[in-house]
Amino acid sequence: MQRPSLALLGHCTVALACAPAISQASHTAATSLGTSSGGAINTESAVPLQQGSWAIGYRYERQVSDRLTDDQLLAIKEADLDADVHSVDAVISNTLIAAYGLTPDLTIGLALPYIERQDVRAPEFNGTEVELLRDGDSKGLGDVKVYGLWRFYQDAATTRSVALIVGAGIPTGKDDEKTREGERFEAEFQPGSGSWDPFAGVAYTQGFGRLGFDASLGYTLVNEGAQNTDLGDYLSYNASVAWALKPDASVRWNLVLELNGLHRDKQQSAGETNSNSGGDWLNLAPGITVAGQHWGAYANLGFPLVNEPNGDQDKQDYRFLIGVRYLR
């Protein structure tokens, strides 16, 4: 597969770990830095932007939950009044991205997400009985992510590249969003985390004729933020194959198949661990990309192969994303 020299930046709600889509609990993790030129969508590419080139992009991502019912939520709380349990209908992320090719092997970039959690429900013991609170939607600007991608190995003969990716989530997001009743949402429902979260990862890219392969692995160290809450470190691992339908055409179409995995630690608040948080997920995500000389677009649909949240949580139903990008 011919790998275009433009690495069109298209998407990223980083916190890297070359990560997942939206975190399967209820707080946003990462999606992808979007350094892929024509193949991978969620998997990081090791190919940087050309020196002096810049890229902008927009990405829409929606993760829909297989929700706990009202009766299930009430039963869990009645069985354990200390249980921290909730349900969210969907988590939506709209992300703007910008990047610049500083050198032939170094790209720097940032991403600004707008996060929405729809129809948050949580049971609460009011002193006499358990009642279900319908808190409504939480929405606002999320934390800005900044990163650098350094390609430290390249073999032109085999089109093989390996890159190091480092960066951090900066606590610029909204962390005081209110419920319908005017109470502050818990930290896990806020658009912003209130914490500084460094991340690091590696990416590998190689072409095999019309076939392109990308793989990435990353880890995000999540620190204590708003409301004395640590939302949990996470490890992501991804692999992608892309098949070029017409590699020499002026407009290039690629069929893409990805595996996107995530392990997330349990959440801690004021030193107490929430057993109904964190877990393991692995998505199979078929998709398509299209790219011209200075533009690109992509879409995919993710389905869980592994869907194992810890304790009592919503499971993932499906994830949909679509994005566009422009490079000069």
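Here a biologist asks a modeller how the terms used for this predicted model are earned.

Biologist: Before we start, what are the ground rules for this model?

Modeller: It is a predicted model, so local features need pLDDT of at least 70 and side-chain atom pairs count only at pLDDT 80 or more, while totals for chains, interfaces and linings use all residues. Residues are numbered from 1 along each chain as its sequence is written, and side-chain values use heavy atoms, with hydrogens and water left out.

Biologist: Why are S10 and S11 called paired strands?

Modeller: Strands are DSSP runs of E with at least two residues, helices are runs of H or I with at least four, and both are numbered from the N terminus. Two strands pair if DSSP finds at least two bridges between them. S10 (residues 234-244) and S11 (residues 252-264) have 11 bridges, in the antiparallel sense, so they meet the rule of at least two. Tyr237, for instance, stands opposite Gly261 in S11.

Biologist: And what makes S11 and S14 a pair?

Modeller: The rule is met again, with 13 antiparallel bridges between S11 and S14 (residues 279-291). One of the partnerships joins His263 to Asp280 in S14.

Biologist: How do you know that Arg319 and Glu61 form a salt bridge?

Modeller: A salt bridge needs a side-chain nitrogen of Lys or Arg within 4 Å of a carboxyl oxygen of Asp or Glu. The closest N and O atoms of Arg319 and Glu61 are 3.9 Å apart, so the pair qualifies under the 4 Å limit. Arg319 sits in strand S16 (residues 315-327) and Glu61 in strand S1 (residues 54-66), so the bridge ties together parts 258 residues apart in sequence. Arg59 joins Glu61 and Arg319 in a network of salt bridges.

Biologist: Are those two residues buried or exposed?

Modeller: Buried means under 20% relative accessible area, exposed means over 50%, and partly exposed lies in between, with a 1.4 Å probe and protein chains only. Arg319 has 1% and Glu61 also has 1%, so both count as buried.

Biologist: What makes Arg121 and Asp70 a salt bridge, and how is each one classed?

Modeller: Their N to O distance is 2.0 Å, so the pair passes the 4 Å test. Arg121 is in strand S3 (residues 106-125) and Asp70 in helix H1 (residues 70-79), 51 residues apart. Arg121, at 5%, is buried, whereas Asp70, at 25%, is partly exposed.

Biologist: Why is the set with Ala46 and Leu327 called a nonpolar core?

Modeller: A nonpolar core is a set of buried Ala, Val, Leu, Ile, Met, Phe, Trp, Tyr and Cys residues joined through side-chain atoms within 4.5 Å. This set, the largest nonpolar core, has 11 residues, including Ala46, Leu49, Tyr147, Ile165, Phe199 and Leu327. Strands S5 (144-155), S6 (160-170) and S7 (197-208) each supply at least two of its residues. Another core, apart from it, has 6 residues, among them Val91, Ile115, Val120 and Phe185.

Biologist: What makes Arg184 partly exposed?

Modeller: Its relative accessible area is 40%, so Arg184 falls in the partly exposed class. Arg184 lies in the loop between S6 and S7. The side chain of Arg184 reaches the backbone oxygen of Asp175 at 2.8 Å, so this is a polar contact: a pair of N or O atoms within 3.5 Å, where within protein one must be able to donate a hydrogen and the other to accept it, and residues adjacent in sequence count only if both atoms are side-chain atoms.
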